[in-house]
Amino acid sequence: MSESISVSWSTVGTSLPEASVQVDKLSNHDLILRCQAGLRPERVAFAELMHRYQSQVDRVLYHLAPDWADRADLAQEVWIRVFRNVNKLQEPAKFRGWLSRIATNLFYDELRKRKRVVSPLSLDAPRALDDGEMDWEIAGDTPGPEEELTTREFYEQLREAIADLPEVFRTTIVLREIEGMAYEEIAEITGVSLGTVKSRIARARSRLQSQLQSYLDA
């Protein structure tokens, strides 16, 4: 993990005079431009950006690692990376997808560093293919010890399978299945054609299904 930002973002706004521009009145696009205006993001603007998008970061990390006790630390690291790199974002309209990509890549970077971790387990996670949509949920109202073990093994394999996907596939499948974005929105965020988005998602699903076939048949 990188060293923490020295200022608590939750209290940034309270330390600035009331004469400051009311950033809460700015559009998301203008807010991001304001964060990009100087050598470093303006702190009150960045605090507002965090306020607007924190739930998205929390949602992405929850779906990726629901059982990780240090998700709050991961979320802080996401915003540290955003703070350091927001000036590199050339198209502010694509901030949402860029943010999801940072959170996703951070999770998999951290995953590779850990030799042994508790496998994430989320009944909201998809499991099987049905009419082109993912649905990996394992049925059972009161799973026994053996089923719980099988479920944990499945999610461990699922997580590793997603980690092994090329980044372009991993990004599109996360935006679709975790963020729930429409194909058109993903195409706009990633800067590729609608056909390319559909192709990447189909190929990602195919690769995941192939790697997890033994669990899907169980």
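**Exercise 1. Describe the overall make-up of the protein chain in this predicted model.**

Solution.
Step 1. Read along the sequence, the elements of the protein chain run α-α-α-α-β-β-α-α-α-α-α.
Step 2. The tally of secondary structure is 9 helices and 2 strands.
Step 3. Of the 218 residues in the chain, 43% are buried.
Step 4. The accessible surface of the chain is about 11,900 Å², and carbon and sulfur atoms account for 47% of that area.
Step 5. For contacts between residues at least 6 apart in sequence, 68% join residues at least 24 apart.

**Exercise 2. Work out how helix α1 packs against helix α2, and which residues make the contact.**

Solution.
Step 1. Locate the helices: α1 covers residues 28-35, and α2 covers residues 43-64.
Step 2. Their axes lie 9 Å apart, at an angle of about 140°.
Step 3. Angles over 145 degrees would count as roughly antiparallel, and 65 to 115 as roughly perpendicular. The angle of about 140° therefore makes α1 oblique to α2.
Step 4. The crossing of α1 past α2 is left-handed.
Step 5. On the α1 side the contact residues are N28, L31, I32, R34 and C35, and on the α2 side they are A45, F46, E48, L49, R52 and Y53.
Step 6. Sorted by class, this contact holds 7 nonpolar, 1 polar and 3 charged residues.

**Exercise 3. Do the same for helices α3 and α4: give the angle, the handedness and the contact residues.**

Solution.
Step 1. Helix α3 spans residues 71-85 and helix α4 spans residues 95-113.
Step 2. The two pack at about 125°, with 10 Å between their axes.
Step 3. An angle of about 125° makes α3 oblique to α4.
Step 4. Here the crossing is right-handed.
Step 5. Helix α3 contributes L74, E77, V78, W79, R81, V82 and N85, while α4 contributes F95, W98, L99, I102, A103, L106, D109 and E110.
Step 6. The classes in the contact of α3 with α4 are 10 nonpolar, 1 polar and 4 charged.

**Exercise 4. Classify N105 and R101 of helix α4 as buried, partly exposed or exposed, and list their contacts beyond four places in sequence.**

Solution.
Step 1. Both residues belong to α4: N105 and R101.
Step 2. The cut-off for buried is under 20% relative accessible area, and partly exposed runs from there up to 50%.
Step 3. N105 has a relative accessible area of 18%, so N105 is buried.
Step 4. R101 has a relative accessibility of 24%, so R101 is partly exposed.
Step 5. With residues up to four places away set aside, N105 touches E167 and R170.
Step 6. On the same basis, R101 is in contact with E167 and T171. E167 thus appears in the contacts of N105 and in those of R101.
Step 7. For R101 and R170, the C-alpha atoms are 9.1 Å apart, with their positions 69 residues apart in sequence.

**Exercise 5. Place R43: in which helix does it lie, how accessible is it, and how far is its C-alpha atom from that of F83?**

Solution.
Step 1. R43 is in helix α2.
Step 2. Its relative accessible area is 26%, so R43 is partly exposed.
Step 3. R43 and F83 are 40 residues apart along the chain, and their C-alpha atoms are separated by 9.4 Å.

Methods
Residues are numbered from 1 along each chain as its sequence is written. This is a predicted model: local features need pLDDT of at least 70, side-chain atom pairs count only at pLDDT 80 or more; totals for chains, interfaces and linings use all residues. Side-chain values use heavy atoms; hydrogens and water are left out. Buried means under 20% relative accessible area, exposed over 50%, partly exposed in between (1.4 Å probe, protein chains only). Contact means heavy atoms within 4.5 Å. Accessible areas come from the Shrake-Rupley method with a 1.4 Å probe; for residues, only the protein chains shown count as cover. Axes are lines fitted to C-alpha atoms, for helices over the stretch in contact, and angles run from 0 to 180 degrees between N-to-C directions. Angles under 35 degrees count as roughly parallel, over 145 as roughly antiparallel, 65 to 115 as roughly perpendicular and the rest as oblique. A crossing is left-handed if the near helix is turned anticlockwise from the far one by less than a right angle, and right-handed if clockwise. Ala, Val, Leu, Ile, Met, Phe, Trp, Tyr, Cys and Pro count as nonpolar, Asp, Glu, Lys and Arg as charged, and the others, Gly among them, as polar.
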